[in-house]
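Visitor: I am new to reading protein structures, and I would like to learn how to look at one feature after another. Could you take me through an example?

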2 protein chains.
Amino acid sequence: MVGFKNEVAKTKSQRTTWQRELIQDILRRSEGHLDADEIYQKARQKSPSISLSTVYRNLRVFKRMGLVEQHQFGSRYFYETTRVTHHHLVCLSCGRVFEFKCPSTEHLKSRIKKEEGFKVTEADVRLAGYCPDCQQRLSVNTS
Amino acid sequence: MVGFKNEVAKTKSQRTTWQRELIQDILRRSEGHLDADEIYQKARQKSPSISLSTVYRNLRVFKRMGLVEQHQFGSRYFYETTRVTHHHLVCLSCGRVFEFKCPSTEHLKSRIKKEEGFKVTEADVRLAGYCPDCQQRLSVNTS
DNA sequence: ATTGCTGCAAAGCCTTTGCAGGCGG
DNA sequence: CCGCCTGCAAAGGCTTTGCAGCAAT
C-alpha cells in the first residue's frame, strides 16, 4: 500500500564534521521551517564547497537521531530543530508558516489509543488559510 | 518563500468524458486514500488506453471543484472523495491509513481565528504510529 | 589504518506541461 | 464547428544514490 519506511532506529555514533556543525548551526539560528535548499544556500554563504547532497544526507541523519523534525507543506519538506510540541498554520496566499500550540493533542492521542488501540507516536496538525495581512490585502471577508 | 498556489477558484462547467466518469467511479467505489498511480492502474484495467496524465489532470480538476480531497503522506499525494470531515491515522509499519473523527477541530479553527486573526480554511490532522496488528506483530510495548 | 563522510554527477520518483489530434456540446 | 480534453513524450522539481577520494577517530 503506502511505501512507508520505518525510520525509527536510533542511529549509531556519528562523526563530527564541519558540514554537520554548520547545518546544525543554521537550523538552530533560524526561526524554523527551512527547506533543504534554503539550508544549502545559507550553508554556501559560509562554506561554498558544501554540497546539496550533504545537506540532504545530514538532515536525514539528524531526523533519525531525533534532532530535527521534518514536515511537508505543498510538495516539499521543511526542517526545524526539535522543540516543544507545536503545530503549523500555513497561509495559502503568502506561504508563510506560523506556529501554534495545541494542548488538546495529547488528549487526542490517548483517546485514539483507548478507542482504536492505535499507538500514536507522531501528531501533526496542519491548518491552512489566510493570515491577517493577506486577508486585508485580498479583501477577503473577515467575518 | 513557499511556492503555494491558491487554487481556490471554483472551476467552470466541465465536459463529460468517459475518463472522468471512470476516475470518479473508482474514487467512489474505493475505501479512500488512493494515490494517482493506484487510480491509474485500476482505470487501465477497465480501459487500457487511459493515460496517467489524464488521471492527474482530472484529479486536479476534481479537487478544484471540491469533489475530492488531496492529502499527503510520505512524499506523495492521496486522493479521496470529499465526505464528512475526518482525519487520518497512518501506521508507520504497514502503511495502512485509518480514519477518525475529531470534533474538536472546529473549536480549534475558531480559537485560531480569535487568537491569531488567521482565517482557517483547511484543517488536516495526521497522526502516525502503530496499529493494533503491528503492535502485536512487532511486540511493541503496548502500555 | 579503518571506515564513515563528502562532492559530484547521474539517476529516481512523482507530477506537470507542450503539442497535435479527437470528441463533447 | 469551437474549444475543451486526451494521449504521448518530454521536461520539471525535489530527493536519493553510486563512486572514488578524503578525513575523523
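Visitor: Which element gives the most to the surface near DNA strand C?

Guide: In this predicted model, H3(B) gives the most to that surface, with five residues. The elements that each supply at least two residues of the surface near DNA strand C are helix H1 (18-29) and helix H3 (52-65) of chain A, together with helix H3 (52-65) and strand E3 (76-81) of chain B.

Visitor: How many residues surround DNA strand C, and which are the closest?

Guide: DNA strand C is surrounded by 22 residues, and the closest are A:Thr54, A:Arg57, B:Arg15, B:Tyr56 and B:Arg76. Among the atoms of DNA strand C that come within 4 Å of the protein, sugar and phosphate account for 66%. Sorted by class, the surface near this strand has five nonpolar, 10 polar and seven charged residues.

Visitor: Which distances should I look at between side chains and a phosphate oxygen of DNA strand C?

Guide: Start with B:Arg76, where an N or O atom of the side chain is 2.2 Å from a phosphate oxygen of DNA strand C. For A:Gln14, the distance from an N or O atom of the side chain to a phosphate oxygen of this strand is 2.8 Å, and for A:Asn58 the corresponding value is 3.4 Å.

Visitor: What surrounds DNA strand D?

Guide: Here you will find 21 residues, and the closest are A:Tyr56, A:Arg76, B:Gln14, B:Arg15 and B:Thr54. Of the atoms of DNA strand D within 4 Å of the protein, 66% belong to sugar or phosphate, while the rest belong to bases. The surface near DNA strand D is made up, by class, of four nonpolar, 10 polar and seven charged residues.

Visitor: Which parts of DNA strand D do B:Arg20, B:Arg57 and A:Thr16 approach?

Guide: A polar side-chain atom of B:Arg20 lies 2.8 Å from a phosphate oxygen, whereas a polar side-chain atom of B:Arg57 lies 2.8 Å from a base nitrogen. With A:Thr16 you should look at the backbone, since a backbone N or O atom of this residue lies 3.5 Å from a phosphate oxygen of DNA strand D. Two or more residues of the surface near DNA strand D come from each of these elements: H3 and strand E3 (76-81) of chain A, and helix H1 (18-29) and H3 of chain B.

Visitor: How should I read the overall fold, and what pattern does chain A follow?

Guide: Chain A has five helices and six strands, and read along the sequence they follow the pattern α-β-α-α-β-β-β-β-α-β-α. Of the contacts in chain A with a separation of 6 or more, 53% are between residues 24 or more positions apart. Of the 143 residues of this chain, 41% count as buried, and its accessible surface comes to about 8,300 Å², of which 49% belongs to carbon and sulfur atoms.

Visitor: Which residues have the most contacts inside the largest nonpolar core?

Guide: The general idea is that nonpolar side chains tend to be buried together in soluble globular proteins. In this model the largest nonpolar core has 24 residues, and those with the most contacts inside it are A:Phe100, A:Ile112, A:Leu127, B:Phe100, B:Ile112 and B:Leu127. The elements giving two or more residues to this core are strand E4 (87-91), helix H4 (104-116) and strand E6 (119-130) of chain A, together with strand E4 (87-91), helix H4 (104-116) and strand E6 (119-130) of chain B. If you leave out residues up to four places away in sequence, A:Phe100 touches residues including A:His88, A:Leu127, B:Leu108 and B:Ile112.

Visitor: Is A:His88 buried or exposed?

Guide: A:His88, which lies in strand E4 of chain A, has a relative accessible area of 0%, and because buried means under 20%, this residue counts as buried. Its side chain makes a polar contact of 2.9 Å with the side chain of A:His33, and another polar contact, of 3.4 Å, with the side chain of A:His86.

Visitor: How do B:Gln41 and B:Arg137 read on the scale of accessibility, as buried, partly exposed or exposed?

Guide: B:Gln41, in helix H2 (residues 36-46) of chain B, counts as partly exposed at 33% relative accessibility. B:Arg137, in helix H5 (residues 132-138) of chain B, has a relative accessible area of 54% and is therefore exposed, as exposed means over 50%.

Methods
Residues are numbered from 1 along each chain as its sequence is written. Chains are lettered from A and ligands numbered from 1 in the order in which they are written. This is a predicted model: local features need pLDDT of at least 70, side-chain atom pairs count only at pLDDT 80 or more; totals for chains, interfaces and linings use all residues. Side-chain values use heavy atoms; hydrogens and water are left out. Helices (H or I, at least four residues) and strands (E, at least two) are DSSP runs, numbered from the N terminus. Buried means under 20% relative accessible area, exposed over 50%, partly exposed in between (1.4 Å probe, protein chains only). Contact means heavy atoms within 4.5 Å. Accessible areas come from the Shrake-Rupley method with a 1.4 Å probe; for residues, only the protein chains shown count as cover. A residue is near a molecule or strand if one of its heavy atoms lies within 4 Å of it. A polar contact is a pair of N or O atoms within 3.5 Å; within protein, one must be able to donate a hydrogen and the other to accept it, and residues adjacent in sequence count only if both atoms are side-chain atoms. Ala, Val, Leu, Ile, Met, Phe, Trp, Tyr, Cys and Pro count as nonpolar, Asp, Glu, Lys and Arg as charged, and the others, Gly among them, as polar. A nonpolar core is a set of buried Ala, Val, Leu, Ile, Met, Phe, Trp, Tyr and Cys residues joined through side-chain atoms within 4.5 Å.
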